[in-house]
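The following exercises introduce a protein structure to a reader who has not met it before. Each task is followed by a solution in steps.

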Amino acid sequence: MEAYVRFPFFTKSDFGIKAMGLPGFGIVTADIKYQLLKDPLYLSFDLAYSYTAFEDFGSGSGIIPAVFIGTDRIFGGAKLIYSSIEVEDLFGSSSSNNNVKIPGIFLGGAIGDKLRLIPVVNMCFPPDNNESILIYNLGLEY
């Protein structure tokens, strides 16, 4: 389950808040997006802060700069996740922070006009893993 809102912030920029999760797991993200170009292609820079809490596992936070390019129907881009994760052991004590940098790319689109279906495919490349991670999202926008 995911819900988000966006508000105009300054000229060519907006502010967004997103909350998603299930019982025992949740993510809250806030971001500022600045539109560099609008015609013929959109080009935007986004800077996000994200906080994640796992009921029996620990928590994490991250800074996520991203670049978006596309049109009002199709978009893509690249991002870099700078994350710090604090893991709790079975006895409730915290381990040291695990700082990670994870690059990624994404591709998405919008289907419809007033009510839009927004499928997005994310591919992340964790540094300690030989395989990439593919994540599919499906959004509904009104």
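The exercises below proceed from the whole chain to single residues and pairs.

The structure is a predicted model, in which local features need pLDDT of at least 70 and side-chain atom pairs count only at pLDDT 80 or more, while totals for chains, interfaces and linings use all residues. Residues are numbered from 1 along each chain as its sequence is written, and side-chain values use heavy atoms, with hydrogens and water left out.

**Exercise 1. The chain as a whole**

Determine how many helices and strands the protein chain contains, and state what percentage of its residues count as buried.

Step 1. Helices (H or I, at least four residues) and strands (E, at least two) are taken as DSSP runs, numbered from the N terminus. The protein chain has 0 helices and 9 strands, and its pattern along the sequence reads β-β-β-β-β-β-β-β-β.

Step 2. A residue is buried when its relative accessible area is under 20%, exposed when over 50%, and partly exposed in between (1.4 Å probe, protein chains only). Of the 142 residues of the protein chain, 23% are buried by this criterion.

Step 3. Accessible areas come from the Shrake-Rupley method with a 1.4 Å probe, and for residues only the protein chains shown count as cover. The protein chain exposes about 9,900 Å², of which carbon and sulfur atoms supply 65%.

Step 4. Contact means heavy atoms within 4.5 Å. Among the contacts in the protein chain with a separation of 6 or more, 28% are between residues 24 or more positions apart.

**Exercise 2. A nonpolar patch and strand E4**

Identify which element gives the largest share of the nonpolar patch, and decide whether Thr52 is buried or exposed.

Step 1. Patches are made of residues with over 30% relative accessible area and no salt bridge; like charges are joined within 9 Å, and nonpolar side chains (Val, Leu, Ile, Met, Phe, Trp, Tyr) within 5 Å. The nonpolar patch on the surface consists of Tyr34, Leu36, Leu37, Phe45, Leu47, Tyr49, Tyr51, Ile63, Val67 and Tyr82, which together have about 900 Å² of accessible area.

Step 2. Two or more residues of the nonpolar patch come from each of strand E3 (25-37), strand E4 (42-54) and strand E5 (58-70). The largest share, 4 residues, is supplied by E4.

Step 3. Tyr49 lies in strand E4 and counts as partly exposed because its relative accessibility is 41%.

Step 4. Thr52 also lies in strand E4, but Thr52 counts as buried because its relative accessible area is 15%. Apart from neighbours within four places in sequence, Thr52 is in contact with Phe25, Gly26, Ile27, Gly58, Ser59 and Gly60.

**Exercise 3. Backbone details in two loops**

State which peptide bond is cis at Pro40, and give the phi of Lys12.

Step 1. Most residues other than glycine have a negative phi, and most peptide bonds are trans.

Step 2. The peptide bond from Asp39 to Pro40 is cis, with omega near 5°. Pro40 belongs to the loop between E3 and E4.

Step 3. Lys12 is not a glycine, yet its phi is positive, at about 65°. Lys12 is placed in the loop between strand E1 (2-8) and strand E2 (13-22).

**Exercise 4. Salt bridges**

Find how many salt bridges there are, and establish where the partners Arg73 and Asp113 lie.

Step 1. A salt bridge is a side-chain nitrogen of Lys or Arg within 4 Å of a carboxyl oxygen of Asp or Glu. The count under this rule is 4 salt bridges.

Step 2. The side chains of Arg73 and Asp113 form a salt bridge at 2.4 Å, N to O. This pair links distant parts of the chain, 40 residues apart: Arg73 is in the loop between E5 and strand E6 (74-87), and Asp113 is in the loop between E7 and strand E8 (116-124). Arg73 is partly exposed because its relative accessibility is 34%, whereas Asp113 is exposed because its value is 62%.

Step 3. A salt bridge also joins the side chains of Arg116 and Glu141 (3.1 Å, N to O). Arg116 in strand E8 and Glu141 in strand E9 (residues 133-141) are 25 residues apart, and this pair too links distant parts of the chain.

Step 4. Arg6, Asp14 and Asp31 are joined into one network by salt bridges that share partners. Within this network, the side chains of Asp14 and Arg6 meet at 2.6 Å, N to O.
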